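Please look over the following structure, and then follow one sheet and one helix through it.

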Amino acid sequence: MLLNITRFGVLKAPQALNFARTITTAGSSATTEYSRSCRVTGENKQQNNFFDNTSGHQIHTTCLNFSSNNYLGLNKTHEVIKVAQYALEAHGTRRKPSTITTDNISQTLEQQLAAFHKQEDCVVYPSGYDANVGVFEALVSTNDAIICDEDNHPTILDGTRFSKAKVYMYKHLDIQDLKETLDTAKEKGAQRTLVITQGVFPNTNEIAPLKQIGKVCNDADSMLAVDDTHCVGDSNEKSEFYDVEKVIINSTFSNGSGGAYTTGMKEIIDSIRKNARPYLFSNTLYPPAVQAASIAMELIENRRSDILRLFENATMFRSKMRDAGFIVHGDNLPNCVIYIGDHTDAKNFAEDLRAYGILVQALCAHVTLDGAFIRVNMNANHTTKDIERCVEAFIEVERSYNVISRNNELHASC
């Protein structure tokens, strides 16, 4: 599986923790209210701006960013910045009105991505949403069927709804149910079938068994689409699904740029170029973004030490959080998912962590229905001190929510 590898950056935690802690409780105060916003102020620094709406005073703090998918931080490397600057000077900021007339630098990037994934061709999109939606309307129609993992990302589910094909859901990561669902679709007259799964499910910290899914698809003569947005870079498993005859791979450029792409066999990509409206009627990427993505893909192959450090950081964080009593899902991804339980608590918990100088993402009702979580994304450049500060902040904030004791009571009653 590849790994969409970029880095967050090493960010300094705020010094005025006592004052910041006061801000988190201001929402319940009858006399003082605060609003918050964030802005990037420089390399790897996230600036928090706290506003006292009664006095008009503004407080600035810098935070450790544990919320980004920018796992290796290629967007801040000297090489990426230089080529983006050159592209800006050479091509300006102009975006072409349609990818029907793809420019030369976009074609070069597409060829590079196809070679990287060992596929025949590729198309580049402005966003991952466009890539996921475009696949379905281009490849399946009224007499066809889409076989979808029930826990797939909302952008995938949107794409299936926009398609005219019949949509079947199979149980999450259940190979036997996938086989039976494919059989059912064919029994009901589906001419073509397209199985869609994520390569990694970061909100539950699970990796799809792509070799097994691929074998099922080959046996059923079905196409397989894999959203590998959180998976490009771990070359130890790089050939996981390349044995699938009809594979489509979607991913994004959080590894140093913006935008997304779909790659696969030439026949499939040709159909996307001709029929996918998100591809046909979207503007191209900005030239600096195209060039930045190109050099970032080259750098990924030479970032083995960063990748190892990324996973070492994730292992360290999980170990320290579990020692403190938290429930942390998974063991093999840079996305560390901490169980909170209550949706409102998860949202407020994340806000309180921000006041302690830690930026994380709360996974609530719009993402998951099976309880609520906080996702902490590791970065290759997080130091041991950064990770320890994050764990300390979790422990401090937890005292207001009793998450650990509630979890212990839940497990005792099971």
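How many bridges join strand β11 to strand β12, and do the two run parallel or antiparallel? In this predicted model, strand β11 (residues 247–252) and strand β12 (residues 260–264) are joined by 5 bridges and run antiparallel, with T252 standing opposite A260 in β12.

These two strands belong to an open sheet of 7 strands, which follows the order β4-β12-β11-β10-β7-β5-β6 and has mixed pairing. Its edge strands are β4 (121–125) and β6 (166–170), each of which pairs on one side only. On average, and with direction ignored, neighbouring strands of this sheet are turned by 20 degrees against each other. Helix α5 (residues 154–162) packs on the sheet, where it touches β5 (145–149), β6, β7 (193–198) and β10 (223–227), and its direction makes about 165 degrees with that of β5. Helix α7 (residues 210–219), in turn, lies across β6, β7 and β10 and runs at about 155 degrees to β10.

Further along the chain comes helix α11 (residues 304–324), whose 21 residues reach 31 Å from the first C-alpha to the last, close to the 30 Å expected at 1.5 Å a residue. Its buried residues are D306, I307, L310, N313, A314, F317, R318 and M321; because they cover an arc of only 130 degrees around the axis, they lie on the same side of α11. The covering of these buried residues includes β13 (328–329), β14 (335–341), β17 (372–377) and α13 (384–398), whereas the face of α11 turned away from the buried side carries the exposed residues L308, E312 and D323. Just after α11, G325 takes a positive phi of about 110 degrees.

Note on methods: Residues numbered from 1 in each chain as written. Predicted model: local features only at pLDDT ≥ 70, side-chain atom pairs only at ≥ 80, totals over all residues. Heavy atoms only, no water. Helix = DSSP H or I, 4+ residues; strand = E, 2+ residues; numbered from the N terminus. Expected span 1.5 Å × (residues − 1). Buried < 20%, exposed > 50% of the residue type's maximum accessible area, 1.4 Å probe, protein only. Arc of directions from axis to C-beta. Contact = heavy atoms within 4.5 Å. Pairing = 2+ DSSP bridges. Axes fitted to C-alpha atoms, helices over the stretch in contact; angles between N-to-C directions.
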